[in-house]
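Please go through the model below. A short report on its loops, sheets, surface and cysteines follows.

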Amino acid sequence: MDRRRFLARSGTAFGTALFTPALIACAEEQSQTLDTNSWQSIREQFLLDHSHIQMAQMLLASHPTPVRGAIQKHRDAFDRNPALYWEENWRPQEDIVSKAAAKYMNVDPGEVVLTDSTTQSLAMLYNGFKLQPRDEILTTTHDHYATEMSLKYACDKNGAKINRIAEYADPATATVDEITSNISNAITDKTRIVAVTWVHSCTGIKLPIKAISEVIARANSNRSTADRIYFCVDGVHGFGNQDEDISALGCDFFAAGTHKWIFGPRGTGILWGKKDAWDAVAPTIPAFRWNPYGMWLGFPPEGEVTFGEMCSPGGFHAFDHRWALDAAFEFQMEIGRSKVHQRTTELNTRLKDGIKEMKHVKLLTPLSPELSAGINCFEIDGLDAETTVKKFHERGVIASSSPYRISYPRLTPCIINTEEEVDRSLKALEKIKA
């Protein structure tokens with residue numbers, strides 16, 4: 001079989017099913033109803049139950065109108081003619097999503113791997129690193145279970161060692177200098193990876209990623225390419241509420257789920273890899289993108305074989321969700337990354353200022369936006385996290401607790417919330433006591 005016949009059989013052009021009347025109607029409805037200058041209009045894009053105040057969207061977000069519409073469009077097309085729709089759209093749709101993600105992040109589409117979650121991204125990243133038994137991974141005591149276990153599983157296989165440090169003693173009083181100094185002092189000649197989390201869901205701390213990247217760059221300036229340190233970031237809780245180009249953060253790899261602050265389809269995520277770091281990571285799951293699959297069939301690659309092509313996990317996914325992810329990035333860009341960041345900062349500052357005034361509550365998250373984002377952790381005298389969250393729920397506020405060895409209650413306002421909801425949440429907190 002030659003390439004032309006294979007491509008024709010596999011379907012490399014958009015099928016007519018892609019542009020269905022339902023999709024056109026959805027797009028027209030969205031353009032008529034979304035006013036990006038009105039937070040109320042943006043709020044109305046979500047089918048949220050407002051009998052409760054939603055202060056836990058950082059766990060799993062509601063889908064806005066354009067994302068729901070895109071999911072339904074793909075779902076309907078698959079239900080009508082699943083095999084044909086997949087054959088006609090598997091190549092272009094993967095590219096559409098990669099390009100939308102790349103535009104939002106200001107990176108090259110070839111650097112973007114499409115995954116199902118932050119956890120999958122982290123597991124593939126650390127399992128794929130080409131490490132030796134003499135190598136060391138520097139990470140922290142503040143990272144999530146997904147990072148800790150992904151690193152453990154990788155080191156169990158390759159024999160590398162983990163050096164885990166505390167980046168700060170007290171989150172409420174942490175400073176950029178304390179964090180960067182602790183990391184700098186822990187780097188040894190054996191360090192090959194520095195693995196951190198951008199925004200800690202256990203304390204609400206936002207790490208100064210650019211400042212940390214400068215520490216690593218200085219360490220790398222005296223090293224050979226073979227001994228280079230790679231900087232890896234779990235970025236999920238800054239991805240969608242901070243106004244940052246991922247390409248400018250200074251890290252080599254960036255992992256994030258997109259069903260949290262991005263408001264993307266549930267079960268979607270990304271892994272970004274800077275081009276000059278690609279060779280450090282080998283694929284874990286066979287990819288179904290054209291170049292790797294075509295090369296297996298015996299065809300020469302079409303141009304450069306990218307990190308995104310080689311490492312995006314293959315297999316059959318929930319394509320109605322996966323292929324709707326571009327709608328979430330477009331929704332974010334239509335509102336504006338800077339505007340989202342500003343609104344998130346305003347609501348969270350309002351919340352923290354209110355918590356700080358309560359004598360029975362200790363705010364753990366820094367007040368300054370320099371070291372905080374959208375997660376606010378605290379503790380109430382005499383109450384554990386689980387009991388605190390339950391009492392919030394009884395008062396109509398959906399709070400959450402951090403799933404760590406030491407757990408704290410947290411409130412996480414985002415752009416779907418109002419100032420009134422923040423104030424009502426503070427009134428509820430004022431009444432919650434042991």
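## Two loops with positive phi

Asn-106 lies in the loop between helix H5 (82-105) and S2. This is a predicted model. Asn-106 has a positive phi of about 60°, although it is not a glycine. Most residues other than glycine have a negative phi. The relative accessible area of Asn-106 is 44%, so this residue counts as partly exposed.

A second case sits in the loop between strand S7 (253-257) and S8, where Phe-263 is found. Phe-263 is not a glycine either, yet its phi is positive, at about 65°. Is Phe-263 buried or exposed? Phe-263 counts as buried because its relative accessibility is 2%, and the cut-off for buried is under 20%.

## The seven-stranded sheet

An open sheet of 7 strands runs in the order S2-S8-S7-S6-S5-S3-S4, with mixed pairing. Which strands stand at the edges? They are S2 and strand S4 (161-165). Each has a single partner strand, so one side of each is left without a neighbour in the sheet. From one strand to the next, the twist averages 20°.

At one edge, S2 and strand S8 (residues 269-273) run antiparallel and are joined by 4 bridges. Val-112 of S2 has Trp-272 in S8 as its bridge partner. Strand S2 (residues 112-115) is covered on both faces. Val-112 and Leu-114 are buried on one side, Val-113 and Thr-115 on the other. At the other edge, strand S3 (residues 136-140) and S4 run parallel, with 5 bridges between them. Here Thr-140 stands opposite Ile-165 in S4.

## The four-stranded sheet

A further open sheet has 4 strands in the order S9-S10-S13-S12, and its pairing is antiparallel. Strand S9 (361-363) and strand S12 (400-401) are the edge strands. One side of each lacks a neighbour in the sheet because each has a single partner strand.

S9 and strand S10 (residues 376-380) are antiparallel, with 3 bridges joining them. Lys-362 has Glu-379 in S10 as its bridge partner.

## Helix H10 and its surface patch

Tyr-293 is placed in helix H10 (residues 290-297). Together with Trp-296 and Leu-297, Tyr-293 makes a nonpolar surface patch of about 350 Å². Tyr-293 itself is partly exposed, with a relative accessible area of 32%. Patch residues must have over 30% relative accessible area, so the 32% of Tyr-293 meets that cut-off.

Other residues of H10 are buried: Trp-290, Asn-291, Pro-292 and Gly-294. Just after H10, Gly-298 takes a positive phi of about 110°.

## Cysteines

How many disulfides does a search of the whole structure find? The search finds 0. For Cys-202, the nearest cysteine sulfur is that of Cys-377, 6.9 Å away. A disulfide requires two cysteine sulfur atoms within 2.5 Å, so Cys-202 is in no disulfide. Cys-202 counts as buried, at 6% relative accessibility.

Cys-311 is in no disulfide, and the nearest cysteine sulfur, that of Cys-232, is 13 Å away. Cys-311 has 6% relative accessibility and therefore counts as buried.

Technical notes. Residues numbered from 1 in each chain as written. Predicted model: local features only at pLDDT ≥ 70, side-chain atom pairs only at ≥ 80, totals over all residues. Heavy atoms only, no water. Patch = residues over 30% accessible without salt bridge, like charges linked within 9 Å, V, L, I, M, F, W, Y side chains within 5 Å. Areas by Shrake-Rupley, 256 points an atom, 1.4 Å probe, with all protein chains shown as cover. Salt bridge = Lys/Arg side-chain N within 4 Å of Asp/Glu carboxyl O. Buried < 20%, exposed > 50% of the residue type's maximum accessible area, 1.4 Å probe, protein only. Pairing = 2+ DSSP bridges. Axes fitted to C-alpha atoms, helices over the stretch in contact; angles between N-to-C directions.
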